[in-house]
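Visitor: I am new to this structure and would like a close look at a single part of it. Could you take one helix and walk me through what is found along it?

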Amino acid sequence: MHDQVPPKVVYSLTDDGAALERALRPLGDWGEERMAQISSVRQGKAVTAP
C-alpha cells in the first residue's frame, strides 16, 4: 500500500498464481473459441463446430 490519498494498492500474482494462469489459459481459449456455439446451445439452437 502506498502512502497517498486516496490510498493506492498494487496487486500482483504469486508464482503459483502465474503458474495456474498458464495452466488454465488453454481451457479459457477453448471456451472463447466456442462461445457462439455454447450460446446457441443454451438458447436451444444447433450450430456446427468451427
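Guide: Helices here are DSSP runs of H or I with at least four residues, and they are numbered from the N terminus. With that in mind, and remembering that this is a predicted model, we can turn to helix α1, which covers residues 15-33. The protein as a whole has 2 helices and 0 strands.

Helix α1 has 19 residues, and the distance from its first C-alpha to its last is 27 Å, which is close to the 27 Å expected at 1.5 Å a residue. Along its course there is nevertheless a kink of about 40°, placed at L24, shortly before the proline P26. Another proline, P6, is found in the segment before α1, and there a cis peptide bond, with omega about -5°, joins V5 to P6.

Turning to the charged side chains, R25 and E21 both belong to helix α1 and stand 4 residues apart, which is about one turn of the helix. Their side chains meet in a salt bridge, with 2.6 Å from N to O. Neither partner counts as buried or as exposed: R25 has 48% relative accessibility and is therefore partly exposed, since that class lies between 20% and 50%, and E21, at 32% relative accessibility, is likewise counted as partly exposed.

At residue 33, where α1 ends, E33 forms a salt bridge with R34, and the closest N and O atoms of this pair are 3.4 Å apart. Here E33 counts as exposed because its relative accessibility is 56%, with exposed meaning over 50%, whereas R34, at 24%, counts as partly exposed. The count of salt bridges in the protein comes to 2.

Helix α1 also has a nonpolar side to consider, for L20, which lies in this helix, joins L24, L27 and W30 in making a nonpolar surface patch of about 430 Å². L24 thus appears twice in this account, as a member of that patch and as the place of the kink.

To set the helix in its surroundings, the accessible surface of the protein comes to about 4800 Å², and 57% of that surface belongs to carbon and sulfur atoms. Of the 50 residues in the protein, buried residues make up 6%, where buried means under 20% relative accessible area.

Conventions
Residues are numbered from 1 along each chain as its sequence is written. This is a predicted model: local features need pLDDT of at least 70, side-chain atom pairs count only at pLDDT 80 or more; totals for chains, interfaces and linings use all residues. Side-chain values use heavy atoms; hydrogens and water are left out. Patches are made of residues with over 30% relative accessible area and no salt bridge: like charges are joined within 9 Å, nonpolar side chains (Val, Leu, Ile, Met, Phe, Trp, Tyr) within 5 Å. Accessible areas come from the Shrake-Rupley method with a 1.4 Å probe; for residues, only the protein chains shown count as cover. A salt bridge is a side-chain nitrogen of Lys or Arg within 4 Å of a carboxyl oxygen of Asp or Glu. Buried means under 20% relative accessible area, exposed over 50%, partly exposed in between (1.4 Å probe, protein chains only). The expected span of a helix is 1.5 Å times one less than its number of residues. The bend at a residue is the angle between axes fitted to the seven residues ending there and the seven starting there.
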